[in-house]
Amino acid sequence: MRRTASLVLLALAVFFAALSPLLRWYAYPRLVKVPADEYQTMVLQARDATLLDYGTMKARTVPEITVVQTLKGNVEAARRIERTAGRDVVVWDGLSYVQGPDGKMVSRIPERYIFDAHTQEPVHATGEMVDGDPVTRTGIEFKWPFLTQKRDYEYFDAQARATAPIHYEGTRDFRGLTVYYFEQTIPWTRVPLPKVMPVAGITPESVAKTGTTRWYTTVRKFWVEPVTGAPVYGEEIHKEELRGGSLLGGRDRVTVFAGHVKMREDYTRHTVDLVKSQRRLVLLVTSYLPWGFLCLGVLLLSLSLYLEARGRRTPGPAPVRTEEPEPLGS
């Protein structure tokens, strides 16, 4: 009986020991991915910001500027691209909408971001764009890979339509989460004018005819939870200028927008709570279950060996002596 139990335990030990690396190195890269139908909105604000008054073409200080960033998963487009890409793809249709204190539009920049659902690497396909301009991204945007590492990454800047390093600057604690802090600086760069201008009748083509150009610089900051690769908080020190041309009335440059943009408090709390729940799911596949199965396998192996050794040490039952019957006397 002990030998049968020992063999059963040995088989279970081998099963769980083999399941541990299989779950971590085979199942995890295939199961953990960004859902194709994800929808998220983030609201950021810049207080006491500088904004251009297009009526007077002079910059003025305003109490608040609001930036609404929306990402919506396009499931139909993702399935269409997957048929030729041969891998799981996510298509995010994004919109960055900036409005002034009066609620009027300052700018709106749509974009389509196509990436691998597992690795977050860009996938190049028809429709990849920023503000209607076709782009070919390199590097990440919006989200870091699962199990983010302590290193620099390449990050795509939608305004400049270019990729630049975003630097790992250390590990920090953010509201009970261990996060990696990343920072990117985009130096003054000439960038395209938005397709939709904030003043009716003014188009990028009409501004270009005056010889006026648009320039931009920013310091981009992210606090990233490394297990999920999700930013839990973000800031930008953002500046835009119009330079040269007859539109400025002889001036060299004028500020279009300048401000320290920060995530709004209610969205920060919501993001932290959401990332905490998603973090547990990723850890379940990458850490909790693999290590749990490995420890269970070792425990079952030890118990199997113990029963086998005990069975060998226990003496069997003593032989029964049979006496021959004595002959009957005559």
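Start by selecting Glu-111, Glu-128, Arg-137 and Glu-141: salt bridges link these residues into a network. A salt bridge here is a side-chain nitrogen of Lys or Arg within 4 Å of a carboxyl oxygen of Asp or Glu. Before you click further, note that this is a predicted model, where local features need pLDDT of at least 70 and side-chain atom pairs count only at pLDDT 80 or more, while totals for chains, interfaces and linings use all residues. Residues are numbered from 1 along each chain as its sequence is written, and side-chain values use heavy atoms, with hydrogens and water left out.

**Inside the network**

Zoom in on Glu-128 and Arg-137, whose side chains form a salt bridge at 3.6 Å, N to O. Are they buried or exposed? Glu-128 is buried at 4% relative accessibility, and Arg-137 is buried too, at 1%. (Buried means under 20% relative accessible area, exposed over 50%, and partly exposed in between, using a 1.4 Å probe and protein chains only.)

**Zoom out**

Now show the whole chain as a cartoon. You should find four helices and 12 strands; helices (H or I, at least four residues) and strands (E, at least two) are DSSP runs, numbered from the N terminus. The C-alpha trace spans about 150 × 40 × 30 Å along its principal axes. The radius of gyration is 32 Å, whereas a compact globule of 330 residues would be near 20 Å. That radius is taken over C-alpha atoms, and the globule rule is 2.2 Å times the number of residues to the power 0.38. Of the 330 residues, 42% count as buried.

**The sheet**

Colour the strands next. The 12 strands make an open, antiparallel sheet, in the order β6-β5-β4-β3-β2-β1-β12-β11-β10-β9-β8-β7. Two strands pair if DSSP finds at least two bridges between them. At the edges sit β6 (133-134) and β7 (153-157), each pairing on one side only. Then select β1 (residues 39-53) and β12 (residues 253-263), which pair in the antiparallel sense over four bridges. On that pair, look for Leu-51, which stands opposite Phe-257 in β12.

**Helix α2**

Select residues 75-85. This is α2, which lies across β2 (58-73), β3 (89-99) and β4 (105-116) and runs at about 140° to β3. (Axes are lines fitted to C-alpha atoms, for helices over the stretch in contact, and angles run from 0 to 180 degrees between N-to-C directions; contact means heavy atoms within 4.5 Å.) Which residues of α2 are buried? They are Ala-77, Ala-78 and Ile-81. Viewed down the axis of α2, the buried residues fall within an arc of 95°, so they line one face of the helix; the arc is that of the directions from the helix axis to the C-beta atoms. The buried residues pack against β3 and β4. Flip to the face turned away from the buried side and you meet the exposed residues Glu-76, Arg-79 and Arg-83.

**Just past α2**

Step on to Gly-86, just after α2, with its positive phi of about 75°. Then pick Asp-88, which forms a salt bridge with Lys-33, the closest N and O atoms being 3.5 Å apart. Asp-88 is in the loop between α2 and β3 and Lys-33 in the loop between α1 (2-31) and β1, so the pair ties together parts that are 55 residues apart in sequence.

**Last stop: α4**

Finish with Glu-265 and Arg-269, whose side chains meet in a salt bridge of 3.4 Å, N to O. They are four residues apart in helix α4 (residues 265-313), separated by about one helical turn.

How values were computed. Contact means heavy atoms within 4.5 Å.
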